[in-house]
Amino acid sequence: MTMNMIDFFFEEYNDDDWKDFVNCFEDADVCIMGVPQDIINVIYSLIGENGEVWLNIPLHKFDGKTALDLLLSEKGEKALKAFIMRMPN
């Protein structure tokens with residue numbers, strides 16, 4: 001049985017690693033309902049003004065779910081954070 005990517009990234013997630021990672025990014029002057037500010041800060045630092053667009057794009061690794069879809073559950077949020085830490089910057 002293969003592990004789905006939400007489970008894979010959820011298992012990889014580490015809260016201390018996320019906190020260290022987030023501290024490397026500036027605060028974004030953006031607020032998006034339903035999206036934690038730490039995720040907004042990282043996405044806008046990595047992607048720029050198209051950060052909100054990225055949050056709505058179906059992600060291949062997550063079977064077409066968007067970042068916003070993943071944020072609907074704690075497991076999805078942690079999987080998304082682990083995924084974001086792997087994004088090239």
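**Entry 1: helix α3 against helix α6**

Before I quote an angle: an axis here is a line fitted to C-alpha atoms, for helices over the stretch in contact, and angles run from 0 to 180 degrees between N-to-C directions. I am working with a predicted model.

I started with helix α3, residues 37-47, and helix α6, residues 74-86. Their axes come within 11 Å. They cross at roughly 30 degrees. Angles under 35 degrees count as roughly parallel. I therefore noted α3 and α6 as roughly parallel to each other. I also looked up the hand of this crossing, and it is left-handed.

Next I asked myself which residues of α3 and α6 meet. On the α3 side I listed D38, I39, V42, I43 and L46. On the α6 side I listed E77, L80, K81 and I84. Sorted by character, the residues of this contact give 6 nonpolar, no polar and 3 charged.

**Entry 2: helix α2 against helix α3**

I then turned to helix α2, residues 15-22. Its axis lies 10 Å from that of α3, and the two helices pack at an angle of about 50 degrees. That angle makes α2 oblique to α3. The crossing of α2 and α3 is left-handed.

From α2, I found W18, F21 and V22 in the contact. They meet D38, I39 and V42 of α3. The residues here divide into 5 nonpolar, no polar and 1 charged.

**Entry 3: V42**

V42 had come up in the α3 contact with α6 and in the α2 contact with α3, so I looked closer. The residue lies in helix α3. Is V42 buried or exposed? I found a relative accessible area of 0%, so V42 is buried.

I set aside residues up to four places away in sequence and listed what V42 touches. The list reads W18, F21, V22, F25 and I84. I also checked V42 against R86. They are 44 residues apart in sequence, and their C-alpha atoms are 12 Å apart in space.

**Entry 4: K81**

K81 lies in helix α6. I looked up its relative accessible area, which is 8%. Buried means under 20%, and so K81 counts as buried. Beyond residues up to four places away in sequence, K81 touches Y13, W18, D38 and I39. Among these, D38 and I39 are on the α3 side of the contact with α6.

**Entry 5: Q37**

I went back to α3 for Q37, which is found in that helix. Q37 has 34% relative accessibility, so I put it down as partly exposed.

What does Q37 contact, leaving aside its neighbours within four places in sequence? I noted A28, V30 and C31. For V30 I have a finer detail: the Q37 side chain reaches the backbone oxygen of V30 at 3.2 Å. I also looked at D27. Q37 and D27 are 10 residues apart in sequence and 8.3 Å apart in space, C-alpha to C-alpha.

**Entry 6: T66**

My last stop was outside the helices. T66 lies in the loop between α4 (51-55) and α5 (67-70). I found that T66 is buried, with a relative accessible area of 11%. I left aside neighbours within four places in sequence and wrote down its contacts. They are L55, N56, I57, P58 and L59.

Notes: Residues are numbered from 1 along each chain as its sequence is written. This is a predicted model: local features need pLDDT of at least 70, side-chain atom pairs count only at pLDDT 80 or more; totals for chains, interfaces and linings use all residues. Side-chain values use heavy atoms; hydrogens and water are left out. Helices (H or I, at least four residues) and strands (E, at least two) are DSSP runs, numbered from the N terminus. Angles under 35 degrees count as roughly parallel, over 145 as roughly antiparallel, 65 to 115 as roughly perpendicular and the rest as oblique. A crossing is left-handed if the near helix is turned anticlockwise from the far one by less than a right angle, and right-handed if clockwise. Contact means heavy atoms within 4.5 Å. Ala, Val, Leu, Ile, Met, Phe, Trp, Tyr, Cys and Pro count as nonpolar, Asp, Glu, Lys and Arg as charged, and the others, Gly among them, as polar. Buried means under 20% relative accessible area, exposed over 50%, partly exposed in between (1.4 Å probe, protein chains only). A polar contact is a pair of N or O atoms within 3.5 Å; within protein, one must be able to donate a hydrogen and the other to accept it, and residues adjacent in sequence count only if both atoms are side-chain atoms.
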